[in-house]
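Trainee: I should like to work through this structure by question and answer. May we begin with the sheet and then turn to the relation between the chains?

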There are 2 protein chains.
Amino acid sequence: MSTIQIVTNLTKEKFNDLVGKDLPFVIRSANFGRCLEFWNVEYLQTKIADGRKVPIHVGKNPLLDFTNKNFQYKFEEFGTFLQKCFAAQSSNELVNKNDYDDCSNYYYLRSIGDDKRGREIANLKKHYPSIADDVSYPEFIGFCMNDSNCSDVECDKRHIFSTVLRISSSSVTIWTHYDVLDNILLQIRGRKRVILFPPNDAEFLYLKGDKSEIIDLDADDIEKRFPLYRNCSKFEVILEERDALFIPAMWFHNTKALEFSIGINMFWKDFSLNKFYDLTDVYGNKDLIPGKNSLNSLKRILTDLNRLPKKYRNFYVHLMISVLRRELQGDSFMRNCQ
Amino acid sequence: MSTIQIVTNLTKEKFNDLVGKDLPFVIRSANFGRCLEFWNVEYLQTKIADGRKVPIHVGKNPLLDFTNKNFQYKFEEFGTFLQKCFAAQSSNELVNKNDYDDCSNYYYLRSIGDDKRGREIANLKKHYPSIADDVSYPEFIGFCMNDSNCSDVECDKRHIFSTVLRISSSSVTIWTHYDVLDNILLQIRGRKRVILFPPNDAEFLYLKGDKSEIIDLDADDIEKRFPLYRNCSKFEVILEERDALFIPAMWFHNTKALEFSIGINMFWKDFSLNKFYDLTDVYGNKDLIPGKNSLNSLKRILTDLNRLPKKYRNFYVHLMISVLRRELQGDSFMRNCQ
């Protein structure tokens with residue numbers, strides 16, 4: 001298991017260097033504003049008392065499983081959600097016997113926009129204006145303060161794509177997945193364990209789309225059920241309150257709230273990839289267009305190959321794997337004519 | 001290393017059973033006609049004395065390397081070729097010190113049709129009528145005696161696609177490759193070592209098209225230069241004179257003449273695959289159409305992915321490998337929408 005570097009006293013240059021390394025790192029003791037001090041259940045209840053209903057995940061099992069949907073989406077008044085979400089904590093601690101059906105529910109809010117179908121980009125300023133100013137960004141990150149509205153094509157600062165509020169009960173664990181945008185997860189209340197895997201571990205994580213089928217990374221029989229998992233390069237870190245984790249695009253990550261948890265997740269786009277981003281993406285997890293096209297083409301190839309008897313189908317699948325492996329080794333595809 | 005079954009006293013049922021197993025096997029003591037007795041340099045020189053020139057491979061190194069073309073194609077009068085091809089034997093035996101540049105040339109004939117560019121299917125009856133009747137086929141193979149001209153759509157016999165005469169100097173080793181048709185290699189004169197690998201070893205054989213880049217399967221440093229090679233399931237057999245080897249379609253094979261060698265190679269099509277064969281194929285080694293299309297599509301995918309920075313390109317290549325692996329495990333491609 002690899003450890004994750006913890007850095008303090010960042011400068012813009014140092015931060016850019018680290019981002020360029022394409023490795024996760026923890027930013028410690030940086031000034032992200034008064035949210036670090038103020039935010040807790042009572043404060044947020046007071047500040048967000050407009051009676052709004054928010055869409056939340058509610059499950060009997062804290063290991064949320066998107067693929068098999070072991071949770072429900074519900075709407076709950078914000079303050080009520082906060083209370084229930086926080087209350088789940090104590091009962092979890094009493095239980096801790098894998099007998100989740102007897103527990104109270106586990107709650108998780110991932111803020112979205114006002115669109116009820118979640119088709120709006122989460123934006124703290126727009127959707128939570130009463131608390132948005134509690135968050136500020138250290139200068140070393142180089143966020144453009146015009147946010148996504150910056151119209152200066154020459155502006156070389158980072159432009160925030162989304163600011164996502166994440167609040168969860170203790171124990172809630174979010175499925176291992178990747179996002180296509182670099183992002184910072186600021187842990188404000190409660191400790192959180194984050195496990196990450198580099199992009200090249202895609203082969204070993206039993207993916208369905210952008211999500212791993214391996215739900216319980218702590219299971220004793222993980223390597224028995226998922227034999228390729230042993231090839232993964234696992235990175236693990238426990239975020240303390242006020243720590244911020246840089247999660248590079250395409251890095252798989254799994255978060256587990258060790259306590260009732262409040263955090264903010266800031267995503268930004270890499271301008272050099274602008275023409276490749278899927279413009280319908282509001283979560284920062286839709287595949288880059290050439291990637292999406294590749295996977296769709298591969299699906300068509302496999303459909304076509306399935307016309308062949310299994311022996312021949314499998315042969316060509318193996319051949320394709322060998323072509324892809326060589327591509328990774330920098331050996332470009334070449335097919336000699338006879 | 002796996003061994004190859006040697007079978008005698010075959011019946012039609014037993015032969016069909018064995019072919020259905022998709023494993024190579026050696027047919028021993030079967031009646032393939034008087035070629036087994038008569039064929040040698042003198043006999044063939046006498047029988048094929050029409051002064052015809054045949055296209056041959058001539059190399060200084062007995063390990064013929066198609067990809068790097070370490071041999072030349074030349075035309076030689078048939079009898080002259082036979083003499084030179086046979087003569088190479090003695091000098092090789094004297095040398096045997098890997099100092100091939102000092103040796104005489106090594107010769108190899110793979111008969112083709114009359115078309116000088118090799119665009120005709122090899123057919124012993126048509127191109128070597130004076131010796132064709134020396135070869136007969138044991139009934140258990142179930143060849144249709146109308147050959148490829150059989151017009152009876154109900155005929156369920158095997159229809160010979162091509163009959164290829166192979167004559168080579170001692171030591172001549174033919175690059176590891178696959179063919180898309182089941183075939184029998186009848187070894188008439190000289191012993192021959194054949195190494196085979198099952199179709200699923202495609203990933204470990206460093207292919208360029210249908211040919212492996214691993215030229216010397218006896219090299220001491222083979223696993224150093226080709227680390228994946230160690231994953232191969234190697235099958236090896238030494239064919240004695242009069243042995244015939246069944247080589248299943250898609251099985252990789254490499255032949256090494258241990259002595260001056262004369263053989264006949266009979267290919268046939270699997271009727272159930274008729275709609276998938278490339279009709280321009282005269283050698284029996286052009287990919288099945290869905291396979292060819294897959295590889296071409298994959299080439300286009302990779303071109304498109306190369307627009308992305310390497311990190312993202314490699315990520316999607318890994319993702320594609322993971323999709324293909326799951327396909328092999330019978331888990332069909334499924335992409336969940338978010």
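Trainee: In the open sheet of nine strands in chain A, which strands stand at the edges?

Mentor: In this predicted model, the sheet has mixed pairing and follows the order β1-β2-β13-β8-β15-β6-β5-β3-β4 in chain A. The twist from one strand to the next averages 25 degrees. Two strands of chain A each have a single partner, so one side of each is left without a neighbour in the sheet: β1 (5-7) and β4 (71-77).

Trainee: Within that sheet, what is the bridge partner of A:L186 in β15(A)?

Mentor: Strand β8 (residues 182-189) and strand β15 (residues 261-268), both of chain A, are joined by seven bridges. Their pairing is antiparallel. In β15(A), A:L186 is partnered by A:I264.

Trainee: At what angle to β2(A) does helix α1 of chain A run?

Mentor: Helix α1 (residues 12-20) lies across β1, β2 (25-27), β8, β13 (244-247) and β15 of chain A. Relative to β2(A), the helix runs at about 155 degrees.

Trainee: Which C-alpha of chain A is nearest the axis that relates the two copies?

Mentor: Chain A superposes on chain B by a rotation of 180 degrees with 0.0 Å of shift along the axis, at an RMSD of 0.0 Å. The copies are therefore related as by a two-fold rotation axis. At 2.9 Å from the axis, the nearest C-alpha in chain A belongs to A:I321.

Trainee: Which residues touch the most other members of the largest nonpolar core?

Mentor: Elements giving two or more residues to this core include α8 (289-305) and α9 (310-328) of chain A and of chain B. Of its 87 residues, those touching the most other members are A:Y229, A:Y316, B:Y229, B:Y316 and B:M320.

Notes:
Residues are numbered from 1 along each chain as its sequence is written. Chains are lettered from A and ligands numbered from 1 in the order in which they are written. This is a predicted model: local features need pLDDT of at least 70, side-chain atom pairs count only at pLDDT 80 or more; totals for chains, interfaces and linings use all residues. Side-chain values use heavy atoms; hydrogens and water are left out. A nonpolar core is a set of buried Ala, Val, Leu, Ile, Met, Phe, Trp, Tyr and Cys residues joined through side-chain atoms within 4.5 Å. Buried means under 20% relative accessible area, exposed over 50%, partly exposed in between (1.4 Å probe, protein chains only). Helices (H or I, at least four residues) and strands (E, at least two) are DSSP runs, numbered from the N terminus. Two strands pair if DSSP finds at least two bridges between them. Axes are lines fitted to C-alpha atoms, for helices over the stretch in contact, and angles run from 0 to 180 degrees between N-to-C directions. Contact means heavy atoms within 4.5 Å. Copies are superposed by least squares on the C-alpha atoms of residues with pLDDT of at least 70 in both.
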